[in-house]
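Here's a walk through a two-chain model, starting from its core and working outwards. Have a look at the fold first, then read on.

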Amino acid sequence: MRKIDRRTFTKMAGAAGVASAFALSAGARVALGKSPRVVVIGGGFGGATAAKYLRRFDAGIDVTLIEPESAFVTCPFSNTVIGGLNSMARITHSYDGLRAHGVNVVHDRATGIDAGKRSVSLANGGDVGYDRLIVSPGISFRWDAIEGYGAATSQTIPHAWQAGPQTVMLRQQLEAMPDGGVFIISPPVNPFRCPPGPGERISLVANYFKKHKPRAKILVLDPKEKFSKQGLFKEGWASLYGGMIEYRNASNDGTVTRVDAANMTLHTDFGENKGDVINFIPPQKAGEIAQTAGLANDSGWCPVNQQTFESSIHPNIHVIGDASIASPMPKSGFSASNQAKAVAAAVANLVKGEAPGTPKFVNTCYSLVAPDYGISVAMVYDFADGKIVKVKGSGGLSPSGASAEFHKSEARFARGWYDAISQDIWG
Amino acid sequence: MKAKGGLLLTAIVLLAFPVGALADEPSPTVLANTCFSCHGTDGKSPGAMPSLDEKSASYIAQTLREFRSDEIENTVMSRIAKGFSDAEIDALAEQLGRK
Ligand SMILES: Cc1cc2nc3c(=O)[nH]c(=O)nc-3n(C[C@H](O)[C@H](O)[C@H](O)COP(=O)(O)OP(=O)(O)OC[C@H]3O[C@@H](n4cnc5c(N)ncnc54)[C@H](O)[C@@H]3O)c2cc1C
């Protein structure tokens, strides 16, 4: 009932009327015979996918990707590096693949967006004009949220929630920790990047300790009541890591109120917790450029039209990935890349003056509880009545109480997923 | 002149159709592109996931239906297939299958 097929719609609206309504905004340039210009900010899961798929949809579109780093280090599988299972090289991807697809990759940082003039300013000087802009800058941190934890503190107590030097720092600290030491990890409040990420990190550090520092302990201080895939993680921890992991939620004094870096101590309402290694993951908001450009609202995240991910604040700018408000989709690399494909399709249509089309989304997140023990969560989403909605009866978690063989196959699929999505995005 | 006409037409379209009503079926391309995140671009898997590009459209459609009805169990696909209608399964199988 809610859906109108294209023919009915066209008849009802009058084909000419609809076409013109779209054509007059972004299609003007095409009418003049110039290639439409799309600029993408950020070469991560969302941005790199959007750039590649725009070129696949229409090689006539001039696509410029702005990304400061010369290679991308993925957060997915960074927990395997922290747990000593993989090298940094395994999670680092060059931009040569995108260049081969005809994307103009500019290694620079966007410092501002002029939505009126449709141009992006760059740190090294100069501007880049666009017909449509796709912004996928990921997250930034609320450095002011927890007393004692700022950008400077993260140079000794890593968050490792953006992959790269932070990942290496946490790995080196864990290697240097004596057997019998205490590792404290403190995840953030919702919403944040990768809800099952902390559980996976705890698991893979436990796996490392079990082999190399069997007397070490892990203390989790969580300001939430529960966490993603909790039942499945706890089932795995009980069977694999015995009493090594102590998890405290908000009701059990898990909320960190102050970080004392000098004394390597996390203060909670009722306690002081000293760690040999601390991984403090601060609360988050949309990436800096989204804040500077006025794309975020009071929540710190960017409101969008959930059909096209066009900003509800500034026209012709599409915000995707972690930075956008795409709930009920979680902030994951899978979501970001999936949104990017739908948005690339919409933008390729819009710059030609055509209707954007209807999206449908999927998210799947694998987590490793151990190298041979995987779990997963999935969901399918429709766009209906103006918003993204879960498809009833679809998705959900791996079954609890599953066999060792089942977990082994999910671990194998986790690696298969990583290989496929990195090739699909940067290859 | 352009701006004026644009505004007028936009207003007419918006009045007649709230955004939700503009919804159409997702295109086969948009449906199929989702699969590439696990099965590789164009269904060519570089790793442990099964490739799709050498499978026939009818095999893909039938397998998705078997996942959906839990005739094949044990992977995330049974949870994902439940989110797709018969028409969507046929459209994306056609798009993905061996050419
Ligand atoms: C430990 C951990 C494990 C995870 N595991 C998984 C997993 O298994 N599966 C999964 O799906 N997701 C996982 N995630 C989540 C995933 O990393 C994010 O959801 C995903 O990276 C979001 O994509 P994005 O495009 O929004 O941001 P990003 O991928 O972070 O990309 C943002 C890019 O924008 C660039 N940028 C920022 N500002 C500017 C600017 N001003 N100018 C130009 N460029 C700029 C950055 O340099 C960066 O390259 C994990 C996250 C963590 C922390």
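The largest nonpolar core has 130 residues, and within it A:Leu54, A:Ile113, A:Phe183, A:Phe209 and A:Ile218 touch the most other members. Domain 1 (6–140 + 284–426) and domain 2 (158–280) of chain A both supply residues, so this core lies between them. A nonpolar core here is a set of buried Ala, Val, Leu, Ile, Met, Phe, Trp, Tyr and Cys residues joined through side-chain atoms within 4.5 Å. Buried means under 20% relative accessible area, exposed means over 50%, and partly exposed is in between (1.4 Å probe, protein chains only).

Before going further: this is a predicted model, where local features need pLDDT of at least 70, side-chain atom pairs count only at pLDDT 80 or more, and totals for chains, interfaces and linings use all residues. Residues are numbered from 1 along each chain as its sequence is written, chains are lettered from A and ligands numbered from 1 in the order in which they are written, and side-chain values use heavy atoms, with hydrogens and water left out.

Back to the core. Setting aside residues up to four places away in sequence, A:Leu54 touches A:Val38, A:Val40, A:Ile61, A:Val63, A:Ile134, A:Ala344, A:Val347 and A:Ala348. Apart from the core of 130 residues lies another, of 11 residues, including A:Tyr149, A:Val256, A:Leu266 and A:Ile278.

**The two domains of chain A**

The split of chain A into domain 1 (6–140 + 284–426) and domain 2 (158–280) uses bounds from an automatic or database domain assignment. Their C-alpha centres lie 30 Å apart. The contact between them takes 37 residues from domain 1 and 34 residues from domain 2, where contact means heavy atoms within 4.5 Å.

A:Pro282 is worth finding on screen. You'll see A:Pro282 in the loop between β17 (277–280) and β18 (284–286) of chain A, and A:Pro282 is buried, with a relative accessible area of 2%. Which residues are in contact with A:Pro282, leaving aside neighbours within four places in sequence? They are A:Phe141, A:Trp143, A:Tyr149, A:His159 and A:Pro188. A:Tyr149 also belongs to the core of 11 residues. Along the chain, A:Pro282 and A:Arg142 are 140 residues apart, yet 6.7 Å separates their C-alpha atoms.

**Helix α8**

Next up is α8 of chain A, residues 230–241. Helices (H or I, at least four residues) and strands (E, at least two) are DSSP runs, numbered from the N terminus. With 12 residues, α8(A) reaches 15 Å from first C-alpha to last, close to the 16 Å expected at 1.5 Å a residue; that expected span is 1.5 Å times one less than the number of residues.

A:Leu232, A:Phe233, A:Gly236, A:Trp237 and A:Tyr241 are the buried residues of α8(A). They cover an arc of only 130° around the axis, so they sit on the same side of α8(A); the arc is that of the directions from the helix axis to the C-beta atoms. On the other side, A:Ala238 and A:Ser239 are exposed. The cover over the buried residues includes α7 (197–212), β13 (245–248), β20 (360–370), β21 (373–384) and β23 (396–397) of chain A. Just after α8(A) comes A:Gly242, with a positive phi of about 50°.

**Salt bridges**

Over all chains there are 20 salt bridges, each a side-chain nitrogen of Lys or Arg within 4 Å of a carboxyl oxygen of Asp or Glu. Here are some from chain A:

| Pair | Closest N to O |
|---|---|
| A:Lys117 and A:Asp114 | 3.9 Å |
| A:Arg132 and A:Glu310 | 3.3 Å |
| A:Asp222 and A:Lys224 | 3.0 Å |

A:Lys117 is exposed at 67% relative accessibility, while A:Asp114 is partly exposed at 29%. A:Arg132 is buried at 4%, and so is A:Glu310 at 18%. A:Arg132 lies in strand β9 (residues 132–135) and A:Glu310 in the loop between α9 (288–292) and β19 (317–319), so this pair ties together parts that are 178 residues apart in sequence. Both A:Asp222 and A:Lys224 are buried.

**Chain B**

Chain B has five helices and zero strands. Of its 99 residues, 45% are buried. Among its contacts between residues at least 6 apart in sequence, 49% join residues at least 24 apart. Chain B also has a network of salt bridges, linking B:Arg65, B:Arg68, B:Asp86 and B:Asp90.
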